[in-house]
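Visitor: Could you walk me through this one? I'd like the overall picture before we get to any details.

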Amino acid sequence: MAVANNDPSTETIAQRAKNELREYAFLSLYLFVCFGALILYKAAILGEEGISYLPSGLAAIKALILAKFIMLGQMIRLGDRRRSRMVYVIAFKALSYLILLLVLSVVEEVIVGLVHGRTIAASLAEFGGDKLPQTLATSLIMLLILIPYLASREVNVALGKGRLWTLLFEHRPAQITESKGVKP
């Protein structure tokens, strides 16, 4: 996934749109795989209790929505901190994005509630009470999903835009693998 043009100021609108669409597709796919695995796990646990649960399309819809929320955060440069250790930058960004996702998810639930005829208070009440432990667990899982994604973005910036993807997907020379005691 090497980027041909590293200077955003010289990118054409078409190039920028293509890069953002590629980023959105990659992020959506990453979130879909993560959410799909969690939904399958939940279905397996509930299946052991005799409860049938497999919401079709939920992982895809959630992945597309949350990927757009994350892209919005990137657009406003959420969590950008200068001159700090990378581990702190990643942790700060992960927490910032988690808060953004929680706020936008609450807004989303309120809108869905209004569409289904519920009041704002009734929609917000669902996040408290019985749903609070589930919301906290989901938030922790989302934080764990965000950390590798944001870490890969930060490492990519530190190495030079596109260099991480080149390192990950190019063939390693034989002498490197042989010197490490690994047979090709």
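Guide: This is a predicted model, and in its protein chain buried residues make up 26% of the 184 residues.

Visitor: OK, and how many helices and strands are there in the protein chain?

Guide: The protein chain has 7 helices and 0 strands, so from the N terminus on the elements read α-α-α-α-α-α-α.

Visitor: What about the surface, how much does the protein chain expose?

Guide: The exposed area comes to about 12,600 Å², and carbon and sulfur atoms supply 67% of it.

Visitor: Switching to rings, how many aromatic pairs are there?

Guide: The count is 3 aromatic pairs. One of them joins Tyr 30 and Tyr 149, a stacked pair with 6.3 Å from centre to centre and 25° between the planes. This pair links distant parts of the chain, since Tyr 30 belongs to helix 1 (residues 13-48) and Tyr 149 to helix 5 (residues 132-159), 119 residues apart.

Visitor: Is Tyr 149 buried or exposed?

Guide: Tyr 149 is buried, because its relative accessible area of 3% falls under the 20% cut-off, whereas Tyr 30, at 23% relative accessibility, counts as partly exposed.

Visitor: And why is the pair of Trp 165 and Phe 169 called stacked?

Guide: Their ring centres are 6.2 Å apart and their planes meet at 15°, and planes under 30 degrees apart count as stacked. Both residues lie in helix 6 (residues 163-169), 4 residues apart, which is about one turn of the helix.

Visitor: Which residues do ring pairs link into a cluster?

Guide: The cluster consists of Phe 26, Trp 165 and Phe 169; within it, Trp 165 is buried at 14% relative accessible area, while Phe 169 is exposed at 61%.

Definitions and conventions
Residues numbered from 1 in each chain as written. Predicted model: local features only at pLDDT ≥ 70, side-chain atom pairs only at ≥ 80, totals over all residues. Heavy atoms only, no water. Helix = DSSP H or I, 4+ residues; strand = E, 2+ residues; numbered from the N terminus. Buried < 20%, exposed > 50% of the residue type's maximum accessible area, 1.4 Å probe, protein only. Areas by Shrake-Rupley, 256 points an atom, 1.4 Å probe, with all protein chains shown as cover. Phe/Tyr/Trp six-rings, centres within 6.5 Å; stacked < 30°, edge-to-face > 60°.
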